[in-house]
Amino acid sequence: MDHVKALIIKFIMCTAVLWLILGAFYGVEFGNILMLSVLLTAISYIVGDLFLLPRFENWGATLADLGITFVGIWFLGPLLFEENLQVGTAAIITAIIIAVGEYFFHKYMAREVLDDRDHFVTDEDRDVQQGKLQTEFSEEITDTDRKNKDE
């Protein structure tokens with residue numbers, strides 16, 4: 001149920017930003033905005049939030065979402081939009097605004113949806129993966145050793 005709630009939040013955020021930028025400033029129809037929002041939400045949720053967020057934390061997932069949004073609008077824009085508009089400019093402006101929202105959304109995801117620490121790579125996990133292990137050396141002293149030493 002947490003994933004459904006997160007998807008709805010992400011979809012609303014994505015749709016609002018796309019509608020604000022593409023709809024208000026570039027005159028794109030709402031149906032096209034809705035279709036683009038569904039595609040971007042699904043792709044960025046799977047790739048950015050479920051796959052990259054646990055592995056690369058917030059900064060990696062935010063950069064991935066920025067890239068996914070930019071490339072998605074840039075490639076799908078000419079196919080969906082009937083008007084001649086500067087797709088590159090619209091894509092970068094929209095991607096930056098969505099990335100700012102994604103930064104806060106990832107904090108929500110980490111706290112509420114991906115709450116299990118098993119999903120996140122910790123510093124200790126990285127040390128083990130990189131072979132940065134530390135060994136302790138000590139001597140075992142038993143009671144018989146103490147008796148022999150005292151005598």
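**Salt bridges, an internal cavity and a nonpolar surface patch**

In this predicted model, Arg111 forms a salt bridge with Glu112, the closest N and O atoms being 3.4 Å apart. Glu112 is partly exposed, with a relative accessible area of 40%. Across the whole structure, the search returns 4 salt bridges.

A second pairing involves Asp65 and Lys10, whose closest N and O atoms are separated by 3.9 Å. Because Asp65 belongs to helix 2 and Lys10 to helix 1, this pair ties together parts that are 55 residues apart in sequence. Asp65 counts as buried at 1% relative accessibility, and Lys10 is likewise buried, with a relative accessible area of 1%. The side chain of Lys10 also meets that of Glu102 in a salt bridge, with an N to O distance of 2.6 Å; as Lys10 lies in helix 1 and Glu102 in helix 3, the pair ties together parts that are 92 residues apart in sequence. Both Lys10 and Glu102 are buried. Through shared partners, salt bridges join Lys10, Asp49, Asp65 and Glu102 into one network.

Three members of this network, Lys10, Asp65 and Glu102, recur among the residues that line the largest cavity. The search of the whole structure finds 1 cavity of 30 Å³ or more, and the volume of the largest cavity is about 40 Å³. Its lining also includes Met13, Cys14, Leu40, Ser44, Thr69 and Ile98, and the lining residues divide into 4 nonpolar, 2 polar and 3 charged. Helix 1 (2–26), helix 2 (30–80) and helix 3 each supply at least two residues of this lining, with helix 2 giving the most, at 4 residues.

Two loop residues were also examined. Val28, in the loop between helix 1 and helix 2, is buried, with a relative accessible area of 6%; its C-alpha atom is separated by 6.4 Å from that of Phe81, although the two residues are 53 residues apart along the chain. Leu114, found in the loop between helix 3 and helix 4 (123–129), is buried as well, with a relative accessible area of 5%. The C-alpha atoms of Leu114 and Leu53 are separated by 9.2 Å, the two residues being 61 residues apart along the chain.

On the surface, a nonpolar patch is formed by Ile92, Ile93, Ile96, Ile97, Val100, Tyr103 and Phe104, which together have about 610 Å² of accessible area. Within this patch, Val100 is placed in helix 3 (residues 87–113) and is partly exposed, with a relative accessible area of 49%.

How values were computed
Residues numbered from 1 in each chain as written. Predicted model: local features only at pLDDT ≥ 70, side-chain atom pairs only at ≥ 80, totals over all residues. Heavy atoms only, no water. Patch = residues over 30% accessible without salt bridge, like charges linked within 9 Å, V, L, I, M, F, W, Y side chains within 5 Å. Areas by Shrake-Rupley, 256 points an atom, 1.4 Å probe, with all protein chains shown as cover. Buried < 20%, exposed > 50% of the residue type's maximum accessible area, 1.4 Å probe, protein only. 1 Å grid on protein atoms, 1.4 Å probe; cavity = no way out; pocket = protein on both sides within 12 Å on 5 of 7 lines; lining within 4 Å. Points joined across faces, edges and corners; volume = space filled by probe spheres on them. Nonpolar A, V, L, I, M, F, W, Y, C, P; charged D, E, K, R; others polar.
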